[in-house]
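Colleague: Got a minute to go through this model with me? I'd like the overall picture and then a few residues.

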Amino acid sequence: MFGLSELAVILLVVVVVLGIKKLPELTRSAGKATRIFKSEARALREDDSQRP
């Protein structure tokens with residue numbers, strides 16, 4: 001998918017575009033979205049494993 005250098009460039013662009021003031025809010029919301037996605041994926045896997 002993405003390498004480390006590509007992610008670094010994307011992060012640099014985000015910092016420049018949004019500014020450093022918005023960065024903590026952005027990372028907080030990204031972390032929350034990641035936790036929700038992981039919990040939903042886990043629930044789907046558990047639901048599939050319980051079906052006959």
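Modeller: Sure, we can take the whole chain and then some single residues; bear in mind that this is a predicted model.

Colleague: How many helices and strands are there?

Modeller: The protein has 2 helices and 0 strands. Helix α1 covers residues 4-18, and helix α2 covers residues 23-50.

Colleague: What is the radius of gyration, next to that of a compact globule?

Modeller: The protein comes out at 16 Å, whereas a compact globule of 52 residues would be near 10 Å. Along the principal axes, the C-alpha atoms fill a box of roughly 50 × 25 × 10 Å.

Colleague: And what share of the residues is buried?

Modeller: 0% of the 52 residues. Buried here means under 20% relative accessible area.

Colleague: What about the surface, how much of it comes from carbon and sulfur?

Modeller: Carbon and sulfur atoms supply 66% of about 5,000 Å² exposed by the protein.

Colleague: Charges next. How many positive and negative side chains?

Modeller: There are 9 positive and 6 negative ones, and the centres of the two sets are 10 Å apart.

Colleague: Back to α1. What length does it reach, and what would be expected?

Modeller: Its 15 residues reach 21 Å from the first C-alpha to the last, close to the 21 Å expected at 1.5 Å a residue.

Colleague: Which residue just after α1 has a positive phi?

Modeller: Gly19, with a phi of about 90°.

Colleague: What does Val14 touch, leaving out residues up to four places away in sequence?

Modeller: Val14 touches Gly19 and Leu26. Val14 itself sits in helix α1. The C-alpha atoms of Val14 and Leu26 are 9.6 Å apart, with their positions 12 residues apart in sequence.

Colleague: Why is Val14 called partly exposed?

Modeller: Because its relative accessible area is 24%, and partly exposed runs between the 20% limit for buried and the 50% limit for exposed.

Colleague: Now α2. Where do Ala30 and Ala33 fall on that scale?

Modeller: Ala30, found in helix α2, has a relative accessible area of 41%, so Ala30 is partly exposed. Ala33 is in helix α2 too; its relative accessibility is 45%, so Ala33 also counts as partly exposed.

Colleague: Any distances from those two? What separates Ala30 from Glu40?

Modeller: Their C-alpha atoms are separated by 15 Å, and they are 10 residues apart along the chain. For Ala33 and Val15, 18 residues apart along the chain, the C-alpha separation is 19 Å.

How values were computed
Residues numbered from 1 in each chain as written. Predicted model: local features only at pLDDT ≥ 70, side-chain atom pairs only at ≥ 80, totals over all residues. Heavy atoms only, no water. Helix = DSSP H or I, 4+ residues; strand = E, 2+ residues; numbered from the N terminus. Rg over C-alpha atoms; globule rule 2.2 N^0.38 Å. Buried < 20%, exposed > 50% of the residue type's maximum accessible area, 1.4 Å probe, protein only. Areas by Shrake-Rupley, 256 points an atom, 1.4 Å probe, with all protein chains shown as cover. Lys, Arg positive; Asp, Glu negative; His and termini not counted. Charge placed at Lys NZ, Arg CZ, Asp CG, Glu CD. Contact = heavy atoms within 4.5 Å. Expected span 1.5 Å × (residues − 1).
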